[in-house]
Amino acid sequence: MGISIREVTEPHHLKRFVKFPMKLYKDNPYFVPPLISEELKTLDRSQNPVFKNAESIYFLAYDKGKLVGRIAAMINWKEVNEQKKRKLRFGWFDFVDDLEVSAKLLEHVMDFGRYKQMEWIEGPVGFSNLDKAGLLVEGFDKLPTIVTWYNAPYYEKHLLHHGFQKASEWIEFELKVPEALPEKVNKFSDLVMERYDLRIKKFKNKDELREVVKPMFQLLDKTYGHLSSYVPFKPEQIRNYEEKYINLINKDFVSVLEDADKNLVAFAITMPSYSKALQKAGGKLFPFGWYHLMQANRKNDSAAFYLIGIDPQYQGKGVTAIIFREMFDTFRKYGIKYLETNPELEENKNVQALWRNYEPVLHKRRRSYRKDL
């Protein structure tokens with residue numbers, strides 16, 4: 001009978017879609033399962049506000065009744081209409097090592113793209129810049145962070161076999177946190193703060209942290225708006241990401257720099273690593289998932305770097321030294337010894353320059369792939 005492809009149309013099929021990688025990688029020590037509830041919310045057209053400007057379709061692949069693959073096709077209409085990119089996005093792409101399975105999944109999403117008059121397909125990516133993106137091509141023996149996918153080495157061979165070509169590349173680094181920062185870093189940070197009349201903002205609680213969420217996203221637009229792959233965020237998306245991550249963020253791991261008028265100049269968000277905690281949780285918050293996450297928040301020797309934004313008029317003026325000093329003060333307080341960066345576009349040399357004084361080790365590489373429709 002061969003491979004059959006079915007569109008996801010029912011809630012229980014969507015749950016099957018979300019849970020498939022957990023079965024595929026059940027014996028893999030490096031796979032980190034997502035929170036099932038969050039994945040369902042992300043993909044649910046009635047719950048994720050991204051669907052005010054996007055649409056999607058999901059497929060499952062079966063071989064003699066056995067689930068063997070999944071894929072999502074997405075169109076970000078803001079990207080299409082405002083940036084004039086008729087791009088079909090694909091993601092949540094997982095499958096057994098069978099070329100027929102991957103081929104049929106890709107054929108179905110490409111047919112959807114042609115029907116919608118898209119010009120090319122690219123992935124794996126999500127709906128927007130803060131969703132997971134990139135196929136892992138190096139670092140298969142490393143745990144992913146909570147905002148990245150894990151996949152087996154054979155995925156890339158499948159995409160290349162099906163005529164896809166490299167589109168974008170992201171790299172990730174691991175850094176050792178020094179026991180003490182050089183005195184020259186402290187002196188330089190003090191000098192920059194005095195020269196530009198800057199100050200560090202501290203947070204007493206999560207409510208105070210919420211007040212700077214919108215300015216942070218506005219600063220992200222300023223920081224990364226020049227990148228070809230960047231799509232500005234809508235207000236409803238900002239609220240969605242705030243609710244998604246605010247309970248995971250430890251306020252002490254957020255560094256914010258303001259000018260004399262309390263305008264946001266720069267910020268950085270790090271978190272204790274939740275990868276091992278999510279493995280223990282098995283994709284579920286209850287009954288014990290929250291306990292593992294909270295334990296990771298309190299006792300951890302590793303942290304993950306998630307976001308940084310710097311006002312362009314302050315870039316190259318030393319404000320990153322101030323941000324890093326605040327970060328490392330927090331790391332020493334919490335016993336953090338290792339820091340892992342989030343995926344950074346290979347051409348984004350400004351961000352990569354942030355790590356050069358901290359002996360960065362490039363330990364993961366990701367790529368997206370494209371094909372004309």
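1. Is Gln 117 buried or exposed? Gln 117 is exposed, with a relative accessible area of 58%. You'll find Gln 117 in the loop between helix H4 (99-115) and strand S5. Its backbone deserves a second look too: phi of Gln 117 is near 65°, a positive value in a residue other than glycine. Most residues other than glycine have a negative phi. Keep in mind throughout that this is a predicted model.

2. Lys 64 is another residue to click on. Phi of Lys 64 is near 55°, again positive in a residue that isn't glycine. Lys 64 sits in the loop between strand S2 (54-63) and strand S3 (66-76). With a relative accessible area of 75%, Lys 64 counts as exposed, because the cut-off for that word is over 50%.

3. Now for a backbone oddity of another kind. Gly 123 and Pro 124 are joined by a cis peptide bond, with omega at about 0°. Most peptide bonds are trans. Pro 124 belongs to the loop between strand S5 (120-123) and strand S6 (135-138).

4. Stay in that loop for a moment, since Phe 127 is found between S5 and S6 as well. Phe 127 is buried, with a relative accessible area of just 1%. What is Phe 127 in contact with, leaving aside its neighbours within four places in sequence? The list includes Thr 42, Leu 43, Val 50, Phe 51, Tyr 58, Met 74 and Trp 92. Ala 54, Ser 56, Asn 76 and Arg 89 are also among the contacts of Phe 127. Asn 250 is another story: the C-alpha atoms of Phe 127 and Asn 250 are separated by 26 Å, and the two residues are 123 residues apart along the chain.

5. Ser 189 is a buried residue to set beside Phe 127. Ser 189 is in helix H6 (residues 183-196), and its relative accessibility is 0%. That makes Ser 189 buried, because the word applies to anything under 20%. Setting aside neighbours within four places in sequence, Ser 189 is in contact with Ala 321, Ile 322 and Arg 325.

6. Helix H9 (residues 235-245) is a good place to practise looking at packing. Which residues of H9 are buried? They are Glu 236, Gln 237, Ile 238, Asn 240, Tyr 241, Glu 242 and Tyr 245. These buried residues of H9 pack against helix H2 (36-43), helix H7 (206-210), helix H8 (213-224) and strand S10 (264-272). Try showing those elements together with H9 on your screen.

7. On to charges. Side chains of opposite charge can pair when their charged atoms come close. How many salt bridges does a search of the whole structure find? The search finds 26 salt bridges. One of them links Glu 79 and Lys 87, with the closest N and O atoms 3.1 Å apart. Glu 79 is buried, at a relative accessible area of 0%, and Lys 87 is buried as well, at 7%.

8. Asp 111 and Arg 114 make a handy example within a helix. Their salt bridge has its closest N and O atoms 2.9 Å apart. Both residues lie in helix H4, 3 residues apart, about one turn of the helix. An α-helix has 3.6 residues a turn, so residues three or four places apart point the same way. Asp 111 is partly exposed, with a relative accessible area of 46%, and Arg 114 is partly exposed at 43%.

9. The side chains of Arg 370 and Asp 372 also meet in a salt bridge, at 3.2 Å from N to O. Arg 370 is partly exposed, with a relative accessible area of 30%, whereas Asp 372 counts as exposed at 54%. For a salt-bridge network, look at Glu 138, Glu 156, Lys 166, Glu 169, Glu 346, Arg 365 and Arg 367, which are linked together.

10. Last, a surface feature. Arg 6, Lys 15, Arg 16, Lys 19, Lys 23 and Lys 284 form a positive surface patch. Which helix gives the most to the positive patch? Helix H1 (residues 11-24) does, with 4 residues. Lys 19 is in H1, and this lysine is partly exposed, with a relative accessible area of 32%. Lys 19 can be in the patch because members need over 30% relative accessible area and no salt bridge.

Note on methods: Residues are numbered from 1 along each chain as its sequence is written. This is a predicted model: local features need pLDDT of at least 70, side-chain atom pairs count only at pLDDT 80 or more; totals for chains, interfaces and linings use all residues. Side-chain values use heavy atoms; hydrogens and water are left out. Patches are made of residues with over 30% relative accessible area and no salt bridge: like charges are joined within 9 Å, nonpolar side chains (Val, Leu, Ile, Met, Phe, Trp, Tyr) within 5 Å. Accessible areas come from the Shrake-Rupley method with a 1.4 Å probe; for residues, only the protein chains shown count as cover. A salt bridge is a side-chain nitrogen of Lys or Arg within 4 Å of a carboxyl oxygen of Asp or Glu. Lys and Arg count as positive and Asp and Glu as negative; His and the chain ends are not counted. The place of a charge is taken as NZ of Lys, CZ of Arg, CG of Asp or CD of Glu. Helices (H or I, at least four residues) and strands (E, at least two) are DSSP runs, numbered from the N terminus. Buried means under 20% relative accessible area, exposed over 50%, partly exposed in between (1.4 Å probe, protein chains only). Contact means heavy atoms within 4.5 Å.
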